[in-house]
Amino acid sequence: MMDQIDKKEVFQEIFKACDYGNLGMFVGAGFSKAVIGESALGWLGIIDEARKKFELKALTDEELKGASLPELATQTCKKIAENENSDYSEAKQRFKAEISNISNWLPSIEAGEEFEKWFDSMKPAWVITTNYDAVMEHILTGKSISISPKKYFSAPKNVIPIYHLHGTRQEPETIVVTQEDYVSLLRPNDYRQTKLAMTIRESTVLVLGYSLGDINVLSAIDWSKNIGSGDIDYPHGVIQILRIEKPNIPKEYAYRDENENIILEIDDLSSFFKQLTEYINDKQVEAALNSKILEDLAERLSKDNEDFMESFINSEDTRRILLQALWQSEYLMIIPYIQFLNNCLDKVWEGTYVKDAFYMYEKYLDIILDILIFYPYEKMPPKLFQITMDALDKVLRYVDKSASDRTPGNSWSANACWHRRKKDIPEATRTQIFQYAEKNQLRTLNQLIDSTVKEDISVGATE
């Protein structure tokens, strides 16, 4: 039995992409049908309707058996050329012009406004469609740009690109329908193929209006999986919304297919969008509240608040909470955090000038070690790392090489703190500290961290 996924988990994945700004949509003919009704035709319906205009017989079951749509379109163009005693290329252009005429459906004002409201909540970063029609442009009026296969997949700031992979009815010559059109579309190293593969790989993709196993979806996903490698630290994945009259599993659940794509079966697209946007709107309110909390915290860091500074200096819990906030929202927090950190370090260092206040060196060292221990080097902003290195070199001048040494004038409590906590610094961070100290000729730091790095090497050799 397939593993079931709670629908709210699926909604959460979509929301994370909305919030991150990399939600994309791959839209097929079923979407237009859901918005407009049965008057919106699929590919086979379009070909059949076009054949009528050229007074060709409807395709028989025998002709349809085992034939692909591009093959049927090619055969139709050849038949048109034969009947009208014209060139194949001329017949194909007339056929595409007729496809353009047939696919001129648009949603009602009411339906368009309803879907526009839902899309405003989702804020897709891009739309890729195999449809010829302008349904997406109608829904996203004033917020999108239509891009044909002849153009580059790029758009102005805050404008949603709608890329018509198979051409657009506004430019009939761009329509991809015959076998030779597809050969050109799938040409190796084609800009289109590479660009779309990277776009899909770098996004969470919501697939709408396709049947399960549709060749267009499978091809696009296959392209993306063959591009690049490495760790992915952004929302990503493929979520196919599959419209089916009788879903195979309860409506509250989704499942993964053999390619690890999430499949959510629905019986009505409008109901799905309504539920999804209600979830997104609730989450956006929650995110706004969290953002307000972080903004207030960032503002608090920017002010000279003596009580807050004392709490930071004396409480590990306060320091950990601030590091967690920094991790959560580096772009908002890093500048005020660095300013606040420097003020606190200066305040503690001033305390070392008081006679016999050797314990202040330990406070100073604790602040630095909390950053190095709890903030992974690979995630740490370079400027913060530089500040901690200079501060660490400064305080380690009052620390001995050995935990048992008690050199007069040094801080014995800081010495104990260093030799107790240095092992908690991640190995990768210790290596970076050593390299930084050596590069910048920080002799005290170099000597004290060198022994720690050598201990790592020694332990690694004996394991």
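Of the 463 residues of the chain, 47% count as buried, a label for residues under 20% relative accessible area, with exposed meaning over 50% and partly exposed in between (1.4 Å probe, protein chains only). The model shown is predicted: local features need pLDDT of at least 70, side-chain atom pairs count only at pLDDT 80 or more, and totals for chains, interfaces and linings use all residues. Residues are numbered from 1 along each chain as its sequence is written, and side-chain values use heavy atoms, with hydrogens and water left out.

**The whole chain**

Begin with the full chain, which has 20 helices and 9 strands; helices (H or I, at least four residues) and strands (E, at least two) are DSSP runs, numbered from the N terminus. The radius of gyration is 31 Å, well over the 23 Å that the globule rule gives for 463 residues, so the chain is more spread out than a compact globule. That radius is taken over C-alpha atoms, and the globule rule is 2.2 Å times the number of residues to the power 0.38. Along its principal axes, the C-alpha trace spans about 105 × 45 × 45 Å. Of the contacts with a separation of 6 or more, 69% come from residues 24 or more positions apart, where contact means heavy atoms within 4.5 Å.

**The sheet**

Next, select the strands. An open sheet of 9 strands appears in the order 1-8-9-7-6-2-3-5-4, with mixed pairing; two strands pair if DSSP finds at least two bridges between them. Strand 1 (4–6) and strand 4 (144–147) stand at the edges with a single partner strand each, so one side of each is left without a neighbour in the sheet. From one strand to the next the twist averages 25°. Such angles run from 0 to 180 degrees between N-to-C directions, and axes are lines fitted to C-alpha atoms, for helices over the stretch in contact.

Move to the edge at strand 4, which runs parallel to strand 5 (residues 160–164) and is joined to it by 4 bridges. Select Ser 146 to find its bridge partner in strand 5, Ile 162. Ser 144 is also in strand 4, and at 21% relative accessibility it counts as partly exposed. Leaving aside residues up to four places away in sequence, Ser 144 touches Glu 137, Val 159, Ile 160 and Ile 162.

Now select strand 7, where 5 of the 7 residues are buried. Strand 7 pairs with strand 6 in the parallel sense over 5 bridges, and Val 207 stands opposite Gln 240 of strand 7. Another 5 bridges join strand 7 to strand 9, again running parallel; here Leu 242 has Glu 265 in strand 9 as its bridge partner.

**Helices on the sheet**

Add helix 1 (residues 7–20), which packs on the sheet and touches strand 1, strand 2 (23–27), strand 6 (204–208), strand 7 (237–243), strand 8 (253–256) and strand 9 (262–266). The direction of helix 1 makes about 60° with that of strand 1. Then add helix 12, which lies across strand 6, strand 7 and strand 9 and runs at about 120° to strand 9.

**Aromatic residues**

A search of the whole structure finds 23 aromatic pairs. Rings of Phe, Tyr and Trp (its six-membered ring) pair if their centres lie within 6.5 Å; planes under 30 degrees apart count as stacked, over 60 as edge-to-face and the rest as tilted.

Select Phe 31 and Phe 115, an edge-to-face pair with 5.7 Å centre to centre and 80° between the planes. Phe 31 lies in helix 2 (residues 29–36) and Phe 115 in helix 7 (residues 109–122), so the pair ties together parts that are 84 residues apart in sequence. Both Phe 31 and Phe 115 are buried. Phe 115 also forms an edge-to-face pair with Phe 273, at 5.7 Å centre to centre and 80° between the planes. This second pair links Phe 115 in helix 7 with Phe 273 in helix 12 (residues 269–302), 158 residues apart. Phe 273 is buried, at 0% relative accessibility. To see the wider group, select Phe 11, Phe 31, Phe 115, Trp 118, Phe 119, Phe 272, Phe 273 and Tyr 279, which form one aromatic cluster.

**A buried lysine**

Finish at Lys 96 in helix 6 (residues 88–102), which counts as buried at 3% relative accessibility. With residues up to four places away in sequence not counted, Lys 96 touches Pro 172, Glu 173, Ile 175, Val 177 and Asp 181.
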